Amino acid sequence: MRVQTRQVLVVIYFIIFLSLFSSYNTLKEDPPSSYNNYFEEVVAAGYDPQAYLSYFSTIIEDGNFKDLIQLRSEILSLQRLGTIASTSAKTVNVDDFGATADGTDDTEAFDKAWKEACSSKGAVVLEVPQEKSYLLKPIRFSGPCKSNLTIQIYGTIEASDDRSDYEEDSRHWLTFENVDNLLIEGGGNINGNGKIWWDNSCKINKHLPCKDAPTALTFYKSKNLIVRNLNIQDAQQIHVSFDKCTNVQASSLTVKAPEKSPNTDGIHVTHTQNIQITNSVIGTGDDCISIVSGSKNVQAMDITCGPGHGISIGSLGSGNSKAYVSDVTVDGAKLSGTTNGVRIKTWQGGSGTASNIIFQNIEMNNVRNPIIIDQNYCDRHKPCKEQRSAVQVKNVAYKNIKGTSASEVAIKINCSKNRPCQGIVLQNVNIQEQGDRAAKAICNNVKLSEGEDVFPQCPRP
């Protein structure tokens, strides 16, 4: 039986290899004429295409880039299936370690189940049963583990709403740390029970001091992660955070919180490389996706966003810090009723770069600030001090973006006087003010290239 399984897997891997080889050869062929025209516009806007070949290859319009990403996902999934098929998987059920799902604290039972699963060799499945709700205090699932773990969340994991339970660590609820080759799925629910935290936020009650609140689900210093088919709701603050991670696939996630819930970012990416966020529905009180310093090679595709603050790179450079974000692609998004569409936000006084960024194939519906670069971002009660230094924003492309703006200004590019934005390209952009009124663009301190198929146009200097 093992020999037959191995033969089947060899055939599957061979087919995938041939598909990859075919896609690679297709990419090597001459690109379409529209791609060449786009290159010309890019050069005119101040790009150096030879310095960013991998970046510009993603603009190819024939779908090869998406196909390669899909093939990579399939290969990783097949690798995991091969491990499970060649070895009978051990199942670790949290109920077998004392979890009761009766409204009492199940943290200890989950901790025991994790230690058993993490210390076991071979293929291991940690199971959270369906139609049950487990109450957990803050817990850290630490690695490294001896096995390639799969966690099947079929039921509900609910956070304690007693703020005193978070005195030792006010920033995290569920944390996976130093856990490589992890798959989490199952269609279950992760409920942050965040209302008590929102009610005590300084953004809701101006008389209260501003304090940290927990991130619901954190992945820290982990590699080769697959997180898919989960519902995450009502986080205390950020819903899902990938921090210092490498090689991540996050897909088919539903992330929900009330529109007025403060700082409840949907998916937060920080100091993380090679991450794909796909086919997800996000609606919260803050950014649907936020990408901050140290992040590189980030792809977000087929995203539905709203309510919330849109899809944001930043904020960057707060507290006069250095920040670096590069090689970001947002391809295929629908935003409805958000305060921003696609946004880059940096503080005055910072340094570093935000570069090689593509926003394309995006629909906007009643979005207040559809396209915005704000290098004077200030999230404080008092005006921020004017400073000379700034994070350099360069090589940013907006392509195939259509829809309606809830405000008169549909495009706002507000760059630094001392560090103007460079290499900004707009192509096939059409955004009308809601009600078919004519919207306008405001563009300051920017080296810009925009085609005739762009509306509204930036005023000519």
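The following paragraphs lead from the whole chain to some of its strands, its nonpolar core and one buried charged residue. The model is a predicted one.

The chain as a whole comes first. Its secondary structure consists of six helices and 28 strands. Of its 461 residues, 50% count as buried. The surface that the chain exposes amounts to about 20,900 Å², and carbon and sulfur atoms supply 48% of that area. Among contacts with a separation of 6 or more, 76% are between residues 24 or more positions apart.

Strand β3, which covers residues 133-136, shows how side chains can alternate along a strand. Tyr134 and Leu136 point to one face and are buried, whereas Ser133 and Leu135 point to the other face and are not buried. Strand β3 runs parallel to strand β6 (residues 156-159), and four bridges join the two. Within this pairing, leucine 136 has alanine 159 of β6 as its bridge partner.

Aspartate 106 brings the reader back to β3. This residue lies in the loop between β1 (90-93) and α5 (107-119). Apart from residues up to four places away in sequence, aspartate 106 touches Tyr134, Leu135 and Leu136, together with Gly98, Ala99, Thr100 and Ala101. Which side chain of opposite charge is nearest to aspartate 106? It is that of lysine 132, at 9.1 Å. A salt bridge requires a side-chain nitrogen of Lys or Arg within 4 Å of a carboxyl oxygen of Asp or Glu. Aspartate 106 has no salt bridge, although the residue is buried.

A second group of paired strands is found further along the chain. Strand β24 (residues 409-414) is mostly covered, with five of its six residues buried. Strand β24 pairs in the parallel sense with strand β22 (residues 371-374) over four bridges, and here isoleucine 373 has isoleucine 413 of β24 as its bridge partner. Strand β24 also runs parallel to strand β26 (residues 440-444), to which five bridges join it. In that pairing, valine 409 stands opposite lysine 440 of β26.

The final topic is the nonpolar core. The largest such core has 98 residues, and those with the most contacts inside it are Trp114, Phe219, Phe242, Phe359 and Tyr398. What surrounds tyrosine 398, leaving aside its neighbours within four places in sequence? Its contacts include Phe359, as well as Ile371 and Ile373. Val342 and Ile344 are also in contact with tyrosine 398, as are Ile424, Val425, Leu426, Gln427 and Val429. Isoleucine 373 thus appears twice in this account: it touches tyrosine 398, and its bridge partner is isoleucine 413 in β24.

How values were computed. Residues numbered from 1 in each chain as written. Predicted model: local features only at pLDDT ≥ 70, side-chain atom pairs only at ≥ 80, totals over all residues. Heavy atoms only, no water. Buried < 20%, exposed > 50% of the residue type's maximum accessible area, 1.4 Å probe, protein only. Pairing = 2+ DSSP bridges. Core = buried A, V, L, I, M, F, W, Y, C linked by side-chain atoms within 4.5 Å. Contact = heavy atoms within 4.5 Å. Lys, Arg positive; Asp, Glu negative; His and termini not counted. Areas by Shrake-Rupley, 256 points an atom, 1.4 Å probe, with all protein chains shown as cover.
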